[in-house]
Every structure is written in C-alpha cells, then in structure tokens.
Amino acid sequence: VTHSIPACIGNMTINSKQLDESPVSIFAVNKCYVTVQEGTFFDGSGFAAFVREGYKVRSDVNITLEFRTTAVHGVLLGVSSAKVDAIGLEIVNGKVLFHVNNGAGRITATYEPRGTNSLCDGKWHKLQANKSKHHISLIIDGNLVQTDNPYIHSTSADTNNPIYVGGYPADVKQNCLTSKSSFHGCLRNLMLTKGQQAELFDFSRAFDLRGVFPHSCPGAEH
C-alpha cells in the first residue's frame with residue numbers, strides 16, 4: 001500500500017495509553033468533519049499534480065468535473081508547455097473561463113452567470129470543457145458557451161507539462177491561466193477524455209498534493 005487511508009481516525013490507544021492530540025509532525029492530515037460529502041477538499045493554499053511525465057492535449061480533449069466553492073477566484077485546471085501551447089480552466093470574478101492556445105494565439109470561452117455569486121454559492125455545479133481541434137466550448141450546468149477561433153489552421157495544443165488542478169507551483173509557467181489564486185472549495189468526478197479513452201483522476205494518487213485532502217469534502221466543520 002503506497003497511499004494513505006481516506007478516513008477519520010480517533011481515540012487511538014497503544015498499550016492502553018491514549019495518544020495525545022499534539023503530534024510531533026503532520027503531513028496532509030486535516031481535522032474530521034461532522035458532515036462529509038464525497039469529493040476532494042482544497043484549502044486555498046495549494047494544488048494537485050498528475051501525470052509527472054507530461055500530459056499531451058494535442059487536438060482533442062474533453063474535461064468534466066464538478067465544483068463547489070464560495071470564492072469568486074480560483075484556478076481549476078491547467079496544462080501548459082515550455083512554449084505557448086496550453087489549456088486552462090479558471091474562475092475569475094465569478095465567471096468560468098476556458099482558455100486554449102494551439103500555438104497561434106489564446107482564445108477563451110467565458111461563461112458569465114447572471115449573478116456574480118451564483119456559481120460561487122457553495123453548491124455543486126457541473127462543468128464540461130471541450131477542445132476539438134480549433135473549436136472550444138464550455139458547458140456549465142447545461143448552459144453552452146462557444147467562441148469563434150480566428151486561428152482555424154492551428155489545431156494542436158502540444159503540451160508536455162503535468163496536469164495541475166486547483167492551483168500550480170510558483171515556479172511553473174501556465175500560458176493559459178490569468179489567475180494565480182489557488183482554488184478554495186471542493187472538486188469531484190474529474191475526468192479527461194480523448195476519443196474513446198476516458199480517465200477518472202483519483203486525487204489520492206496525485207504525484208504532488210499541497211493543501212489538498214482527497215476523498216472528504218466538509219459539509220460542516222467540527
């Protein structure tokens with residue numbers, strides 16, 4: 001077993017002696033919650049990183065996830081390259097932005113809700129971001145947004161960096177994100193699909209986790 005148990009542990013005794021609540025060191029251990037939901041909690045300070053060897057978006061990718069937050073800013077996902085090719089998903093001023101750069105220039109699909117806080121209301125919202133060659137679209141809670149792309153001959157995002165979710169390290173360049181704010185809230189059911197191949201990402205198996213707590217999303221803190 002190489003990853004931690006997704007659970008709460010309490011009242012532990014060794015040789016009839018109860019362990020105290022002040023450990024010498026803590027890594028990726030959070031408090032337990034009175035009510036808990038399925039999902040991964042981001043405390044607003046970090047990120048999760050997948051595919052250490054680099055994820056190749058190329059011509060097509062479909063991203064689906066659900067998010068819950070009360071913050072009006074936050075990075076959802078970014079995949080970049082050393083050049084300009086990249087994709088990025090973020091919440092900026094309560095809007096959801098999906099950016100794509102296939103090498104010729106950045107284009108953005110923007111979902112603007114009626115109220116600034118209507119997506120940042122602490123309730124679950126469904127997001128789907130699709131890149132198909134030079135076409136990009138964004139669907140939030142069933143509402144479709146598309147955008148024109150003047151760079152129709154540029155179709156492949158030749159990315160080679162890891163997938164960063166909920167934020168990214170300070171020394172990492174992200175060509176399709178405008179925000180540096182780490183996501184604060186919960187994510188679940190993150191899936192990336194290429195053609196017929198769908199991959200569901202388990203946050204407990206990320207190669208780097210900072211300020212991210214897999215498998216438990218607080219309903220009410222205890």
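## A walk through a strand-rich predicted model

Let's start close to the N terminus: Ile5 sits in the segment ahead of strand E1 (13–14), where strands (E, at least two residues) and helices (H or I, at least four) are DSSP runs numbered from the N terminus. Keep in mind that this is a predicted model, in which local features need pLDDT of at least 70, side-chain atom pairs count only at pLDDT 80 or more, and totals for chains, interfaces and linings use all residues. Residues are numbered from 1 along each chain as its sequence is written, and side-chain values use heavy atoms, with hydrogens and water left out.

Ile5 counts as exposed because its relative accessibility is 56%; buried means under 20% relative accessible area, exposed over 50%, and partly exposed in between (1.4 Å probe, protein chains only). Ile5 also joins Ile9, Met12, Ile14 and Leu19 in a nonpolar surface patch of about 490 Å². Patch members have over 30% relative accessible area and no salt bridge, with nonpolar side chains (Val, Leu, Ile, Met, Phe, Trp, Tyr) joined within 5 Å and like charges within 9 Å. The areas come from the Shrake-Rupley method with a 1.4 Å probe, and for residues only the protein chains shown count as cover.

Next comes the annotated domain. An unreviewed UniProt entry lists residues 37–217 as "domain: Laminin G"; such positions follow the numbering used here, feature names are shortened, and annotations may be inferred rather than shown by experiment. Across residues 37–217 the chain is 51% strand and 0% helix, and the end C-alpha atoms lie 5 Å apart.

Thr40 is a good place to look inside that range. Thr40 belongs to strand E4 (residues 40–50) and, at 5% relative accessibility, counts as buried. Setting aside neighbours within four places in sequence, its contacts (heavy atoms within 4.5 Å) include Gly185, Cys186, Phe203, Val212 and His215.

Now for the charged pairs. The whole structure holds 4 salt bridges, each a side-chain nitrogen of Lys or Arg within 4 Å of a carboxyl oxygen of Asp or Glu. One of them pairs Lys95 with Glu112 at 3.9 Å, N to O. Lys95 is in strand E8 (residues 95–101) and Glu112 in the loop between strand E9 (106–111) and strand E10 (125–132), so this pair ties together parts that are 17 residues apart in sequence. Lys95 is partly exposed at 28%, while Glu112 is exposed at 54%.

Arg205 and Asp202 meet in a salt bridge at 3.5 Å, N to O. Here Arg205 is exposed at 56% and Asp202 partly exposed at 28%.
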